[in-house]
Amino acid sequence: LFIDEKESLKYWLERELLNRAIYSGYVNVDDYQKKIHDIQLEIFNKEKNLRKSKASKDDYYEFAVWASESEQSLIDSYQDVIENVRNGSIKMKGLWKKKTKKLLLNQTTFNIKK
């Protein structure tokens, strides 16, 4: 995903912690899925318009940057939950409790703390 392995791991960890919060019931799944659906629909529509307009490589590059920023904006809207999982303020449920504890211990090993 990134040339820098640390950046790739940070990117993955942020999304992984959010997913674990979702599975543990700390994020409203319906709201999250609606936000994802809205972003996907916007991406599909913009890409369709680019194809119709015979866009340039630069146009596609700008589109890719915009799509990435849109996805990151969604993730950023959950930073409070992600940080609460990371710092242990909220406890994971079931299977995720043990696995998240182990993952958070390993993030120090891989030097991927935020």
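**Exercise 1.** Work out whether Arg15 is buried or exposed.

*Solution.* Start with the classes: buried means under 20% relative accessible area, exposed over 50%, and partly exposed in between, with a 1.4 Å probe and protein chains only. Arg15 has 11% relative accessibility, so Arg15 counts as buried.

A quick word on the ground rules: this is a predicted model, where local features need pLDDT of at least 70 and side-chain atom pairs count only at pLDDT 80 or more, while totals for chains, interfaces and linings use all residues. Residues are numbered from 1 along each chain as its sequence is written, and side-chain values use heavy atoms, with hydrogens and water left out.

**Exercise 2.** Find what the salt bridge between Arg15 and Glu71 ties together.

*Solution.*
1. Recall the criterion: a side-chain nitrogen of Lys or Arg within 4 Å of a carboxyl oxygen of Asp or Glu.
2. For Arg15 and Glu71, the closest N and O atoms are 2.9 Å apart.
3. Arg15 belongs to helix α1 (residues 5–23) and Glu71 to helix α3 (residues 57–76), so the pair joins parts 56 residues apart in sequence. Helices here are DSSP runs (H or I, at least four residues), numbered from the N terminus.
4. Glu71, at 25% relative accessibility, counts as partly exposed.
5. Now widen the view: Glu14 joins Arg15 and Glu71 in a network of salt bridges.

**Exercise 3.** Determine how Asp38 and Lys34 are spaced in helix α2.

*Solution.*
1. The two form a salt bridge, with the closest N and O atoms 2.8 Å apart.
2. They sit 4 residues apart in helix α2 (residues 29–52), which means about one helical turn between them.
3. Asp38 is partly exposed, at 36% relative accessibility.

Technical notes
Helices (H or I, at least four residues) and strands (E, at least two) are DSSP runs, numbered from the N terminus.
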